[in-house]
Each structure stands twice: as structure tokens, then as C-alpha cells.
Amino acid sequence: MSTSKSQRLVNLVICLRSTNAYLSADEIRRMVQGYDDCENEAAYLRMFERDKRELRDAGVPLEQGASLAHGSPAGYRIPARDYELPEITLTAEQTGVLAVAAEVWREGERSARADGALAKLTAAGIDPVRDVGTTVSVEDPAELATAAVVAEAAAEGAVVMFSHTPAGATESSDRRVEPWWTGSRHGHWYLVGHDQDRGEPRTFRLIRMSDVRLGRGRRTAPVPPTERVLELLDDAVSRLNPVVQATVWAAKARAAELRAMARSETSAHRFDRSGTDLELSAPLGELSSLVAAQGADAVALRPAELRVRVVSILTAAKEAIR
């Protein structure tokens with residue numbers, strides 16, 4: 001099987017970086033996989049010249065020099081001093097930015113890169129969650145901007161100020177909070193911290209925060225261990241958005257996302273249509289939105305609070321288009 005150009009270039013870099021001696025063209029041809037595809041020496045030399053030019057154009061410091069062996073031809077190497085990056089030292093603020101960025105990219109094919117970046121931070125003795133208290137995933141750019149401000153405040157031990165509108169309320173109130181953590185649970189972003197006005201820990205949904213900015217004050221309350229902070233978050237989430245065991249009817253060949261979430265399925269003919277009863281376990285808020293989004297193709301059967309939420313969403317949507 002022939003070697004691709006990119007594979008050959010990587011092999012060449014590895015070969016020239018792994019030695020301090022200068023390797024001749026003949027040695028490189030024998031050692032680097034990909035050059036054995038050449039029909040003859042002339043074809044190899046043309047390919048090798050193109051590869052050297054591409055590496056240099058890409059900024060790889062390909063160095064040419066004489067071998068220590070008397071009478072040996074000139075050779076090539078990649079010196080470590082010019083190729084390796086210097087040691088990187090990150091401040092808490094910079095670590096926070098990287099942690100946010102890595103979590104934002106935790107989707108699809110980018111997830112492996114994000115995991116690799118966080119693994120390298122950890123290997124260097126930097127734990128983004130422990131040292132900065134930041135884990136997020138991206139849904140809404142506005143929430144990402146809020147998360148960035150909160151992460152900065154958490155890293156600097158500063159106060160964050162914002163207007164907060166509780167669920168079901170129309171009036172907002174000004175809040176001053178010392179952030180301990182910002183991150184996501186079940187697709188929603190939260191802030192956990194010390195509320196200076198209430199004098200106790202509080203949890204806030206980022207989507208309900210507006211006019212978010214850094215305050216002038218500094219942190220006054222000690223930061224609890226990460227485990228305790230996450231316990232506070234989970235307690236708040238379980239009250240606001242509990243996980244429910246639900247049964248949802250889905251029309252035949254419809255509601256693919258709900259079907260993918262289901263633990264089990266049972267054929268059921270309902271509402272004069274063929275379909276399936278799906279058994280699911282999911283956060284109430286997300287599940288009600290998913291069911292409502294299917295319109296007549298999905299119906300919440302139980303529990304009662306799921307049915308109420310779905311009806312509420314559909315009623316609001318109906319009113320909005322009048």
C-alpha cells in the first residue's frame with residue numbers, strides 16, 4: 001500500500017528529529033517509509049527535494065551539515081533547539097481561558113482534540129476544574145460570553161455583578177456574587193458562588209443573568225472544595241430541573257431523537273395512528289422541550305408534570321404566532 005504525502009512528511013520529520021547526526025539522502029531513503037514507492041533514485045531525489053522545500057516553507061528548521069564520518073556525504077537533521085517549544089507556564093486566568101475553550105470544542109470530531117488539550121494541562125500539573133473551577137459546553141454564544149466573564153472573576157477572586165430574573169418573574173434584581181464555578185448541567189449553564197447580598201451560597205442560571213460585569217470588590221468567603229461546590233449545583237439543578245421517569249408516545253417513523261434516548265419501546269396504536277410508547281429517563285426541562293417540538297408526532301403520557309410542561313410550551317407557541 002502506497003504512503004500518502006502527509007504520512008511521508010510526518011515520517012521524515014520523525015526520522016530527522018530523532019537523531020543528532022546528519023543523515024545522508026541514501027540513509028533517509030532507507031529509513032523513511034514512503035520513499036520506497038519511488039521507481040528509481042532520480043525519482044526519489046526529486047521527491048526528496050520537494051519534501052525538503054515543503055518542510056522549510058512550513059517553518060520546520062531543516063538543517064544541512066557534514067557527517068562526523070570522514071568522507072561521508074552531507075546530510076540533514078532537525079535540531080531540537082530550533083524545533084521544540086519552550087516550557088509554557090500558565091497563569092490561573094490563562095488556564096481558565098483554555099479550560100473554557102477546550103470545553104466549547106467538546107463536540108463531534110473536535111472532542112478528541114479538546115480532551116487531548118486538557119490531558120496535557122493535567123500532565124503539566126494544571127487541573128482546570130480544581131485550579132479554576134471552570135467547565136462549560138456551548139449552546140448559546142451569549143451564554144458563552146457570560147461564562148467567560150464569570151470564569152475570569154473566579155480565576156481572579158473578583159466579584160461579578162449582574163441583573164437576575166428568576167423563573168416565572170418579570171422583575172429583575174441586582175446581584176453581587178463571588179463566583180466559585182461556572183459550567184453546564186443537562187445543556188444549561190450555571191454559576192455557583194457566594195451571594196454577598198444574601199450572605200450564603202447560591203446557584204444561578206446564566207440565561208437568567210444580564211448586564212454581567214466584573215465588580216470592584218474582592219472575594220471575602222473561602223472557596224469550598226470542588227466536591228462541595230458541585231453538590232450545591234446538583235442540589236439546585238435537581239430542584240429546578242429534576243430527572244423524571246417518563247412514558248412518551250411517538251408516531252411511527254417520527255421523533256428520532258426521543259427514540260434514541262429511550263430505554264425501551266412498546267408498539268402502541270394511539271390517537272388513530274401507529275406508534276410506540278417510549279420509556280425515558282431525562283431532565284424535565286429538556287424532555288418537555290423535545291416532546292413539544294414534535295407537535296402531534298409525540299405525546300407525553302406520564303408523569304403529570306411533564307404533560308403540564310408540554311402543554312404550557314405548546315400554548316405559548318400558539319399565542320406567539322397569533
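So, Gly 295: just after helix α11, this glycine takes a positive phi of about 65°. Keep in mind that we're looking at a predicted model here. Let me stay with the helix that comes before that glycine. α11 runs over residues 284–293, and it is mostly covered, with eight of its 10 residues buried. If you want to click through them, the buried ones are Leu 284, Gly 285, Glu 286, Leu 287, Ser 288, Leu 290, Val 291 and Ala 292. Yes, there's a Glu and a Ser in that list.

What covers the buried residues of α11? The cover includes strands β6, β9 (243–251), β11 (273–283) and β12 (298–302), along with helices α10 (256–261) and α12 (304–320).

Pick β6 out of that set, because eight of its eight residues are buried, so the rest of the structure largely encloses this strand. β6 covers residues 188–195, and it pairs with β5, residues 173–185, in the antiparallel sense over eight bridges. Two of the facing positions are good to have on screen. Ser 184 stands opposite Trp 189 in β6, and Gly 183 stands opposite Tyr 190 in β6. As a reminder, side chains in a regular strand alternate between the two faces of the sheet.

β6 also pairs with β7, residues 200–205, again antiparallel, over six bridges. Which residue in β7 is the bridge partner of Leu 191? That's Phe 204. The hairpin of β6 and β7 has four residues between the strands, and in it Gly 199 takes a positive phi near 70°.

Going the other way from β5, you get to β4, residues 158–164. Those two strands pair in the antiparallel sense over five bridges, and Phe 162 has Arg 175 in β5 as its bridge partner.

Okay, let's jump to the start of the chain. The largest nonpolar core has 20 residues, and the ones with the most contacts inside it are Leu 12, Leu 16, Ile 28, Tyr 35, Tyr 44 and Phe 48. Three elements give two or more residues to this core: α1 (5–17), α2 (25–31) and α3 (41–57). Apart from that core lies another one, of 19 residues, among them Ala 250, Leu 278, Leu 290 and Ala 298. Leu 290 you've met already, as one of the buried residues of α11.

Back in the 20-residue core, have a look at Tyr 35. Leaving aside its neighbours within four places in sequence, Tyr 35 is in contact with Arg 8, Leu 12, Ile 28, Arg 29, Tyr 44, Met 47, Phe 48 and Asp 51.

Now α3 itself. At 1.5 Å a residue, its 17 residues should span 24 Å, and the end C-alpha atoms are 24 Å apart, which agrees. Its buried residues are Ala 43, Tyr 44, Met 47, Phe 48, Asp 51, Lys 52 and Leu 55. Those residues cover an arc of only 170° around the axis, so they sit on the same side of α3. On the other side of α3, Arg 46 and Asp 57 are exposed. As for what covers the buried residues of α3, that includes α1, α2 and β2 (75–77).

The ends of α3 are fun too. At the N-terminal end, Asn 40 caps the helix, with a side-chain oxygen 3.2 Å from the backbone nitrogen of Ala 42. Just after α3, Gly 59 takes a positive phi of about 95°.

Two more single residues before I sit down. Is Thr 146 buried or exposed? Thr 146 lies in α8, residues 141–156, and with a relative accessible area of 11%, against a cut-off of under 20% for buried, it counts as buried. Not counting residues up to four places away in sequence, Thr 146 touches Leu 206, Met 209 and Val 212.

Then there's Asp 235, in helix α9, residues 226–240. At 39% relative accessibility, Asp 235 counts as partly exposed. Its C-alpha is 9.4 Å from that of Thr 203, and those two residues are 32 apart along the chain.

Zooming out to the whole protein: the secondary structure comes to 12 helices and 12 strands. Buried residues make up 39% of the 322 residues. And of the contacts with a separation of 6 or more, 56% come from residues 24 or more positions apart. That's my tour, happy to rotate the model for anyone.

Definitions and conventions:
Residues numbered from 1 in each chain as written. Predicted model: local features only at pLDDT ≥ 70, side-chain atom pairs only at ≥ 80, totals over all residues. Heavy atoms only, no water. Core = buried A, V, L, I, M, F, W, Y, C linked by side-chain atoms within 4.5 Å. Buried < 20%, exposed > 50% of the residue type's maximum accessible area, 1.4 Å probe, protein only. Contact = heavy atoms within 4.5 Å. Expected span 1.5 Å × (residues − 1). Arc of directions from axis to C-beta. Polar contact = N/O pair within 3.5 Å; in protein donor to acceptor, adjacent residues only side chain to side chain. Pairing = 2+ DSSP bridges.
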